[in-house]
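Reader: Before accepting any label, I should like to see the criterion behind it. Please take me through the reasoning.

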Amino acid sequence: MLTRIAGQKGKAIAITATCRKLAERYYDVCTNGEDYVEYGENIYKKKVEERELKYLRKLASKHKIELKETV
């Protein structure tokens, strides 16, 4: 999350947003007894890749370019 927001809005805003998100999670754990679940870096990277592919497909269709997926 930090790197994504930093790229869009700058480092200072990204740090503030990340701190807020952590504070919200901490509050949830303390007040509601919710468990914190660490999803891990691999899942985050997979989500980023899916988001990038979706954007790439959107750009390709806009410019009438055909994409071929390779595995």
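**Labels and their criteria**

Author: Glu 41 counts as exposed, at 54% relative accessibility. This is a predicted model, in which local features need pLDDT of at least 70 and side-chain atom pairs count only at pLDDT 80 or more, while totals for chains, interfaces and linings use all residues. Residues are numbered from 1 along each chain as its sequence is written, and side-chain values use heavy atoms, with hydrogens and water left out.

Reader: Why is Glu 41 called exposed?

Author: Exposed means over 50% relative accessible area, buried under 20%, and partly exposed in between (1.4 Å probe, protein chains only). Glu 41 has 54% and is therefore exposed.

Reader: Why does Lys 45 count as partly exposed?

Author: Lys 45 has 49% relative accessibility, so it counts as partly exposed.

Reader: What makes the contact of Lys 45 and Glu 41 a salt bridge?

Author: The term requires a side-chain nitrogen of Lys or Arg within 4 Å of a carboxyl oxygen of Asp or Glu. For Lys 45 and Glu 41 the N to O value is 3.2 Å, so the criterion is met. Both residues lie in helix H3 (residues 41–62), four residues apart; a helix is a DSSP run (H or I) of at least four residues, numbered from the N terminus.

Reader: How do you know that Glu 24 and Arg 20 meet in a salt bridge?

Author: Their side chains come to 2.9 Å, N to O. Glu 24 is partly exposed at 32%, whereas Arg 20 is exposed at 59%. A search of the whole structure finds four salt bridges.

Conventions
Helix = DSSP H or I, 4+ residues; strand = E, 2+ residues; numbered from the N terminus.
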